[in-house]
Each structure stands twice: as structure tokens, then as C-alpha cells.
Amino acid sequence: MTFVSLGVAEPILRALQAENYTHPTPIQAKAIPALLAGRDLLGIAQTGTGKTAAFALPLLQRLSTGHVPPGPKQARALILAPTRELAVQIEQSLRTYGRFLNLRLAVVLGGVSQNNQVRAMARGVDILVATPGRLLDLVQQKHVRLDAVSTFIVDEADRMLDMGFIRDVRKLVAMLPRERQSMLFSATMPDDIVKLTHDMLRSPERIVVTPQSKTADRITQKLYFVPMPQKRQLLSELLKDVSMNRVIVFTRTKHGANRVAEHLSRTGVVAEAIHGNKSQNARQRALEMFRAGKARVLVATDIAARGIDIDDITHVVNFELPNEPESYVHRIGRTARAGGEGIAISFCDASERGFLRDIERLIRTKIEVVAHELPE
Ligand code: AMP
């Protein structure tokens, strides 16, 4: 199977070659022909499966063949993402795959001034990537028009629901032209998302790839029973291992993320924290430090980590276990991306035993416990 045989054409093929994408991933193999043929799509898949390219490649190809320029403030395609990080990530992927095409892109997201976004939309764009709240705001201010959207994509729909954006999504759907191609991607299918798919998709092609509980297969998972007050010390001990080269540490709270990052910095480990209390610029800066290898550790909360697409993460450390078991799967999926392998280490204190039970039930695996002793 090749991208050519799926119908992907020049100059997108050239961009894929430059990225060393030799073979399509399973979701790409199934989605691309259906989308090129104009079908709607329901993709039950999580990050790490190649789902971004699965919708981005056909989108770019359809928009660039017989290019109809957008009118002022219009977007020809709209992609909704739950977080700012994911929106930026999607835009970067579109720029990568579409680098030899002449399409205009814009990103609209909250937490930063709207001025640049309004300016970017003034002449109209081919593709708009947006978080729902800010987009709704700009539409209401008449800075953005949705009447020319011919392709509509909702990414990580279950996260939209978790974060309370589903009403905004519904409002936006109601503003779109009826005649359009639509796609929805979600890792899980809670009732509200099933309902949304009924309302926004027309006889969609349904593609399911690697159910959540299976993703853990390529990841070595380990568990340390450790009381909360000793977690920082244990983390420092583990980080003496130089093979822990690019590490994401997850905490449950923003405050906790700051404290762990500060502790690591004090002990000489270059660490950056990212969470929702930081400005968009500070988050982007922290991510870049981490991506460039200038920071060895990124300490993150679940929401801030959504959409982080960084290859070669050697270890994920769950400094605190998440209270939602699905988050565990999302977290450890930050390592072992694009077919690689990875190690996930979890710290569990007595108060987190219940979370551990839920996680082990979801992944249908007992996580291997590591016996350890901390030096006095
Ligand atoms: P996603 O699921 O869209 O977040 O993509 C996961 C990762 O896989 C990203 O780092 C992509 O750059 C990478 N990727 C996507 N498609 C391919 C492919 N066909 N070959 C190699 N890497 C890919």
C-alpha cells in the first residue's frame, strides 16, 4: 500500500517524501480514499495513529484541485480542536503537508489577543483551524463568516465534551451550510458524541483503529508504590538514568506541575512546566524548549498535554495517577508514537489505589510493580 495507490497526488506526495512517510498508517489507508471520494467520516481513533494526515491529505488535495478562492472573512474548510495546542499542531501539520500548495491557513484560538486572528481572516482563508469558544466569539462579532465552509472537521470530539465545549460545537454546526463534507474524530464514543455524529454526519464511512485498551501494547509499563511525600525524591533517583532522555511527567494539578518542575530545576534537571494557567506564548516556548532537547523534562497536566505531538519521547512518568482511566491511556500514548517503543512509569500512593484499579480494568493488564528502596 502506498500513498499513490490511495489516490494522493503531487505535490502532496513530494511533501510526504520529505517527511519520510513511506507507507500510510491503517487509518490513512482507510480514510483517504473515502474522503477523496467526498464521503463523510467517523474516525474512532486517538492521537498517534496518524489521524491528522488521514484527514489533512484529502482535505488539502480537494481544496487545491479547482481552487476557488475564499471571499473576505470566509473559510472554505473549518477544523475544530478542543485545545490551543492541538489547534496549533494541526495547523503545523497542514503547513507541512501543504507546503507545495498555495493555500491560505489561519488559526483562531482563545487566550491570546484576537487582533492578529481578525487580520488573518480579513481576506478569507482556505482552511481555518479553531477552538470553538473564540471562533464563536469572532463569528458573533462578524469577523468570520461560516457560509462558505464546504468541509468541516471536528477533532478529539470526546475531549470537546470533557472540556464543556460541546454546546459551542453544536452552535457552530448550526451555522454551516448544509451541503458540505464532514468528519468527526474521537478516541471514545460517549452518548453525547454519538448524538452529535447523527446530527452532523451523513451516512459516514466508519473507521475504528486500535481500541484504546490496545495502544499500550508497545509500551513497557511499570508501577512504583510510593507515598506522596517521597515522589519527588524517587523521580530524581530515576532521572539519574541517562536513558531517560526526553521525559514527560504528568501531574493532576497545575500547582503540582509547577512544584515538580521547580524541584527538578533546583536539582539541576532542566525542566519546563506547561498547564492552563500559563499564557499561550509561555506554553509554546516551553514546548519548543522540550522539542529542541534543551529541556529534558516537560511537566504537564492532562489538558495541557493534549495534542502534544513530539516524537522520541523516551519515558512518560505519571507523578500522580489520573482520576479518569482514559487519561492514563492518553498519557502513556505520548511515548511510543509512530510505531516506536516507550516506557511508562507510574507513581501510586495509598490514596490513588482506586485510580489504579480503574486503570488496570480499562487496559485489562496488571501493571508490573517495581520493588524499590529510597536512600535515606
Ligand atoms: P497523529 O495521530 O496525527 O497525532 O500522528 C502521530 C505521528 O505519526 C505524528 O508524529 C506524525 O507525524 C506521524 N505520522 C503520521 N502519518 C505517518 C506515516 N504515514 N508515516 C510515518 N509517520 C507518520
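Rings of Phe, Tyr and Trp (its six-membered ring) pair if their centres lie within 6.5 Å; planes under 30 degrees apart count as stacked, over 60 as edge-to-face and the rest as tilted. By that rule, ring pairs join Tyr224, Phe319 and Phe347 into a cluster. This is a predicted model, in which local features need pLDDT of at least 70, side-chain atom pairs count only at pLDDT 80 or more, and totals for chains, interfaces and linings use all residues. Residues are numbered from 1 along each chain as its sequence is written, and side-chain values use heavy atoms, with hydrogens and water left out.

Begin with the rings. A search of the whole structure finds four aromatic pairs. One of them is formed by phenylalanine 319 and phenylalanine 347. This pair is tilted, with 5.9 Å centre to centre and 55° between the planes. Phenylalanine 319 sits in the loop between strand 12 (315-318) and helix 14 (325-332), and phenylalanine 347 in strand 13 (residues 342-348), so the pair ties together parts that are 28 residues apart in sequence. Helices (H or I, at least four residues) and strands (E, at least two) are DSSP runs, numbered from the N terminus. Both phenylalanine 319 and phenylalanine 347 are buried. Buried means under 20% relative accessible area, exposed over 50%, partly exposed in between (1.4 Å probe, protein chains only).

Lysine 231 touches both of these rings' residues: Phe319 and Phe347 are among its contacts. Contact means heavy atoms within 4.5 Å. Neighbours within four places in sequence aside, the other residues in contact with lysine 231 are Val226, Glu320, Cys348, Asp349 and Glu352. Lysine 231 belongs to helix 10 (residues 231-238). Is lysine 231 buried or exposed? Lysine 231 counts as buried because its relative accessibility is 0%.

Now turn to the sheets. Strands of a sheet pair through backbone hydrogen bonds, either parallel or antiparallel. Here, two strands pair if DSSP finds at least two bridges between them. One open sheet has seven strands in the order 3-4-2-5-6-1-7, with parallel pairing. Strand 3 (105-108) and strand 7 (205-208) stand at its edges; each has a single partner strand, so one side of each is left without a neighbour in the sheet. On average, neighbouring strands of this sheet are turned by 15° against each other, direction ignored.

Look inside this sheet at strand 1. Strand 1 (residues 41-44) runs parallel to strand 6 (residues 181-186), and four bridges join them. Glycine 43 has phenylalanine 185 as its bridge partner in strand 6, while isoleucine 44 has serine 186. Strand 1 also pairs with strand 7 in the parallel sense, over four bridges. There, isoleucine 44 stands opposite valine 208.

In a regular strand the side chains alternate between the two faces of the sheet. Both faces of strand 1 are covered: Leu41 and Gly43 are buried on one side, Leu42 and Ile44 on the other. Isoleucine 44 has a relative accessible area of 10%. Beyond its neighbours within four places in sequence, isoleucine 44 is in contact with Ser186, Ala187, Met189, Arg206, Ile207, Val208 and Val209.

Helices accompany these strands. Helix 5 (residues 115-122) lies across strand 2 (75-80), strand 3 and strand 4 (125-130), at about 150° to strand 3. Axes are lines fitted to C-alpha atoms, for helices over the stretch in contact, and angles run from 0 to 180 degrees between N-to-C directions. Helix 8 (residues 166-175) and helix 9 (residues 191-200) pack at about 5°, their axes 11 Å apart. These two helices are therefore roughly parallel to each other, a term for angles under 35 degrees. Helix 8 brings Ile166, Val169, Arg170 and Val173 to the contact, and helix 9 brings Asp192, Ile193, Lys195, Leu196, Asp199 and Met200.

A further open sheet has seven strands in the order 10-11-9-12-13-8-14, again with parallel pairing. Its edge strands are strand 10 (271-274) and strand 14 (368-369), each pairing on one side only. Strand 10 pairs with strand 11 (residues 297-300) in the parallel sense over four bridges. Isoleucine 274 stands opposite alanine 300 in strand 11. Helix 12 (residues 280-291) lies across strand 9 (247-250), strand 10 and strand 11, at about 145° to strand 10. Helix 15 (residues 353-363) packs on the sheet too, touching strand 8 (219-225) and strand 13. The direction of helix 15 makes about 160° with that of strand 8.

Methods
Parallel < 35°, antiparallel > 145°, perpendicular 65-115°, else oblique.
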